[in-house]
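Take a look at the sequence and the 3D structure below. Then read on for a short tour of its parts.

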Amino acid sequence: MKRLTLAVLTVLPLAVACGGSDTTPLFGTKWTVTSPSAGKQAYLTFDQKTGRVGGRLGCNAVGATATVRAGHITLGRPSTTRMMCDASLMGTERSLLALFGGQVGYRVDHDTLILTSGNGTIVHAVADK
């Protein structure tokens with residue numbers, strides 16, 4: 001019985017972080033941002049092995065540390081490229097950058113990722129298939 005309990009306690013946090021059997025895993029999935037709108041140009045990918053998040057904010061590339069705990073992700077200070085783009089893409093970038101440098105809540109619902117920052121920024125993304 002002790003082995004079964006230990007196995008459940010070991011696997012359960014991984015299932016929560018990676019999603020259940022009918023849910024897309026957080027790690028290793030390309031999450032295309034749908035809100036705020038940036039077409040298919042903004043996306044994030046979480047790498048469990050390196051403990052980092054990377055992607056594009058609509059115009060510029062981004063990278064940061066990402067520590068995932070049940071229901072929360074602590075995103076480090078972002079490093080980005082510094083290109084200037086269309087005003088709408090730069091607005092999307094400002095919204096997405098508000099997620100970095102602190103803790104955000106997260107939820108994966110089937111193929112949708114929802115990130116919520118402490119300042120009220122909400123980002124929706126869908127799994128790229």
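This report covers the strands, one helix, one disulfide and one salt bridge.

## About the model

The model is predicted: local features need pLDDT of at least 70, side-chain atom pairs count only at pLDDT 80 or more, and totals for chains, interfaces and linings use all residues. Residues are numbered from 1 along each chain as its sequence is written, and side-chain values use heavy atoms, leaving out hydrogens and water.

## Strands side by side

Helices (H or I, at least four residues) and strands (E, at least two) are DSSP runs, numbered from the N terminus. Two strands pair if DSSP finds at least two bridges between them. Strands β1 and β2 run antiparallel and are joined by three bridges. Here Trp31 has Leu44 of β2 as its bridge partner. β2 also pairs with β3, again antiparallel, over six bridges. Tyr43 is matched with Arg56 in β3. Four residues sit between the strands in the β2 and β3 hairpin, where Gly51 takes a positive phi near 65°.

Now follow the side chains of β2, residues 42-47. Buried means under 20% relative accessible area, exposed over 50%, and partly exposed in between (1.4 Å probe, protein chains only). The side chains alternate along the strand. Ala42, Leu44 and Phe46 point to one face and are buried. Tyr43, Thr45 and Asp47 point to the other face and are not buried.

## A helix with a buried face

An α-helix has 3.6 residues a turn, so residues three or four places apart point the same way. In α2, the buried residues are Leu89, Met90, Thr92, Glu93 and Leu96. Seen down the helix axis, they fall within an arc of 155°, so they line one face of α2. That arc is taken from the directions from the helix axis to the C-beta atoms. Ala87 and Arg94, on the other side of α2, are exposed. What do the buried residues of α2 pack against? They pack against β1, β2, β3 and β9, with contact meaning heavy atoms within 4.5 Å.

Met90 is part of α2. Its relative accessible area is 14%, so Met90 is buried. Leaving out residues up to four places away in sequence, Met90 touches Cys59, Asn60, Met83, Met84 and Cys85. The C-alpha atoms of Met90 and Gly58 are separated by 7.3 Å, though these residues are 32 apart along the chain.

## The disulfide

A disulfide is a covalent bond between the sulfur atoms of two cysteines. The cut-off used here is a pair of cysteine sulfur atoms within 2.5 Å. The structure holds one disulfide. Cys59 is joined to Cys85, with an S to S distance of 1.7 Å. The pair links distant parts of the chain, 26 residues apart. Cys59 is in the loop between β3 and β4, and Cys85 is in the loop between β6 and α2. The torsion about the S-S bond of Cys59 and Cys85 is about 60°, so this disulfide is right-handed. Are the two cysteines buried or partly exposed? Cys59 is buried at 3% relative accessible area, while Cys85 is partly exposed at 31%.

## The salt bridge

Side chains of opposite charge can pair when their charged atoms come close. A salt bridge is a side-chain nitrogen of Lys or Arg within 4 Å of a carboxyl oxygen of Asp or Glu. The count by this rule is one. Asp128 pairs with Lys30, and their closest N and O atoms are 3.9 Å apart. Asp128 lies in the segment after β9 and Lys30 in strand β1, so the salt bridge ties together parts that are 98 residues apart in sequence. Asp128 is partly exposed at 38% relative accessibility. Lys30 is partly exposed too, at 33%.
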